[in-house]
Each structure stands twice: as C-alpha cells, then as structure tokens.
Amino acid sequence: MERYFDINKPGYSIKCKLYCEQIREIQHVVVFLHGFGGHKDNKTAARFAEAAMSKFKKMAVLAFDWPCHGSDVRKKLTLEDCGIYLDYVLEYIREELHVTDICAYATSFGGYLTLKYLHEKGNPFRKIAFRCPAVMMYDAMSNRIMTEENRRLLEKGKEAQVGFDRTVKVDQDFVNELREQDVREMEFLDFADDLLVIQGTKDEILPYEEVMKFCDDNVIECILIEDADHRFQDLQKLKLAHSHIIQFFAAR
C-alpha cells in the first residue's frame with residue numbers, strides 16, 4: 001500500500017509517502033532520504049520498499065520531499081530547514097506511528113544531510129545505510145552539478161536552477177553553507193558500528209576514492225560495487241546494493 005500525507009507544523013508542510021502493508025501493524029520504519037533534485041516518488045525508494053517489505057512483513061518505508069524538492073512549496077533551500085524536516089519526520093514516526101525501531105537509507109545529498117544531522121544532534125536511527133553519500137557536497141555542487149551558466153548567475157547575486165533530470169533553485173548563500181559545513185571535517189567514530197556505505201566505482205559525481213577515505217578515517221564499513229554509477233542505473237547493481245542494505249538492517 002502507498003499512502004500520501006502531509007506533516008503540517010507551524011510554517012512547514014512536509015510532503016510524505018509511506019509504503020506499508022497495514023499501518024497498525026508497523027513495527028519497523030526505514031526513512032528514505034533522497035538526493036539533490038530527487039523527490040518522494042523516487043523509483044529507487046519504491047524498489048527498496050518492495051524488497052524490504054517482502055522480507056520484513058511489519059516494515060514500512062517512509063520517503064519525503066526535502067525543502068524545495070518534489071512537491072514541496074518552500075522558496076529558499078537552506079540546510080537548517082532540511083534538519084527541521086528530518087526532525088518532524090522522526091517525530092511523526094514516534095508519535096503517530098508509535099514506532100521506535102527506525103533505520104535510514106540515505107543517498108547522495110540525503111547522505112550528506114544525514115551525516116550533518118548526526119554530527120549536530122546525535123544518532124536517532126538504529127542503523128543507517130548510505131549509497132554514494134555526498135561527503136564532498138560542496139565540490140560536487142560547484143564542479144559537477146552546477147553549469148557555467150549557474151555559476152555566472154550566482155556570481156551576479158541571482159538564483160540558479162541547478163540539477164539534472166529535475167532542477168532545484170539555489171542561491172549563493174546555500175552554496176556557501178555547503179562550503180562551510182564539510183562533513184569530511186567532522187568526526188563520526190562514535191557512530192561507525194551503526195553505519196554502512198555502499199559506493200559505486202564508476203560514480204561520476206563523487207570520486208569513490210574520496211568516499212573510501214572518509215570511511216577509512218571514521219572506521220565505517222564501505223562496500224564497493226564494481227562499475228556502478230552515482231545513481232545505480234544498472235538494476236542488477238541496485239538489487240545487489242539493496243541486498244547488502246537489507247542484510248545490514250536485519251542484523252541486531
């Protein structure tokens with residue numbers, strides 16, 4: 001079953017999508033945290049939900065739109081608002097779904113935001129699996145995601161539509177935030193046992209060597225998937241990644 005709903009708080013309306021069999025029977029929730037330019041109707045989230053729920057009957061997967069993504073209505077993208085969105089999603093899971101066993105599956109920009117959240121607020125998840133986490137988000141944004149035209153607009157103090165299949169409006173303030181808050185300069189050793197990274201060796205956005213170095217520095221397990229690109233467009237490689245993630249979540 002797929003259920004759409006909003007989490008409404010003063011000044012915020014978070015667009016969510018829940019995959020589950022029976023809401024009243026949910027005992028485990030995986031929060032899916034999409035990447036830059038993504039959205040809650042992400043096909044990868046749907047594929048993961050199908051695989052995970054076939055193994056764990058009382059599991060649900062909750063995806064939501066980050067600020068300024070998908071059908072979200074906010075006008076300005078900030079890292080602070082991203083953290084607030086995650087706060088409210090976690091609150092909803094605990095207070096409305098009455099679930100305390102919460103894991104996370106974070107990709108790319110979603111991985112960056114999750115790491116930033118851990119550093120600032122601690123770990124609210126039992127386990128976190130990252131796929132191609134943007135540990136060098138500023139570099140990826142500046143040199144691989146943004147075009148020359150994007151950069152010219154920002155230099156003139158204007159906003160730019162940035163992204164690939166879907167674009168997101170960003171300004172120079174947001175790019176500055178990414179530069180100032182580099183997760184590679186943060187320490188995650190205290191969380192390492194509960195983290196797993198899946199990384200493709202043909203990632204065109206994030207050099208896999210940088211991700212491996214980040215994992216080595218923080219003693220985080222990193223599984224390389226040979227020839228997988230950033231979005232894991234090869235479905236067999238995506239299935240392999242999901243099998244590793246589901247096995248990781250199953251471990252107690």
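**Reading salt bridges, pockets and cavities**

Tutor: Lys 213 counts as partly exposed at 48% relative accessibility, where buried means under 20% relative accessible area, exposed over 50%, and partly exposed in between (1.4 Å probe, protein chains only). The model is predicted, so local features need pLDDT of at least 70 and side-chain atom pairs count only at pLDDT 80 or more, while totals for chains, interfaces and linings use all residues. Residues are numbered from 1 along each chain as its sequence is written, and side-chain values use heavy atoms, with hydrogens and water left out.

Student: With which residue does Lys 213 form a salt bridge?

Tutor: A salt bridge is a side-chain nitrogen of Lys or Arg within 4 Å of a carboxyl oxygen of Asp or Glu. Here the partner of Lys 213 is Asp 217, with 2.9 Å between the closest N and O atoms; both residues lie in helix 7 (residues 208-218), four residues apart, about one turn of the helix. Helices (H or I, at least four residues) and strands (E, at least two) are DSSP runs, numbered from the N terminus. Asp 217 is likewise partly exposed, because its relative accessibility is 45%. Elsewhere, Glu 2, Lys 17 and Asp 41 are joined into one network by salt bridges that share partners.

Student: How many salt bridges are there by this rule, and which parts of the chain does the pair of Asp 101 and Arg 126 link?

Tutor: The count comes to 20 salt bridges. The side chains of Asp 101 and Arg 126 meet at 2.5 Å, N to O, and this pair links distant parts of the chain, since Asp 101 is in strand 5 (residues 101-107) and Arg 126, 25 residues away, is in the loop between helix 3 and strand 6 (128-131). Asp 101 is buried, with a relative accessible area of 11%, whereas Arg 126 is partly exposed at 22%. In another pair, Lys 15 and Asp 6 meet at 3.1 Å, N to O; Lys 15 is buried at 17% relative accessibility, and Asp 6 is partly exposed at 37%.

Student: How much space lies in the largest pocket, and which residues lie nearest its centre?

Tutor: On a 1 Å grid over the protein atoms alone, a cavity is a set of points where a 1.4 Å probe fits but cannot get out, and a pocket is an open set with protein on both sides within 12 Å along at least five of seven lines; lining residues have an atom within 4 Å of a point. The largest pocket holds about 780 Å³ of space, and of its 33 lining residues Phe 36, Gly 38, Asn 42, Asp 165 and Arg 231 lie nearest the centre. Helix 1 (43-55), helix 4 (137-145) and helix 8 (235-250) are the elements that give two or more residues to this lining.

Student: Which element gives the most to the lining of the second largest pocket?

Tutor: That pocket, with about 160 Å³ of space, takes six lining residues from helix 8, which gives the most. Its lining includes Arg 47, Glu 50, Leu 238 and His 242.

Student: Which residues line the largest cavity?

Tutor: The largest cavity, about 60 Å³ in volume, is lined by Trp 66, Leu 79, Cys 82, Gly 83, Leu 86, Leu 113, Lys 116, Tyr 117 and Glu 120. Helix 2 (79-95) and helix 3 (109-121) each supply at least two of these lining residues. The second largest cavity has a volume of about 30 Å³, and Glu 21, Lys 57 and Met 59 are among the residues that line it.

Note on methods
Grid points are joined across faces, edges and corners, and a volume is the space filled by probe spheres set on the points.
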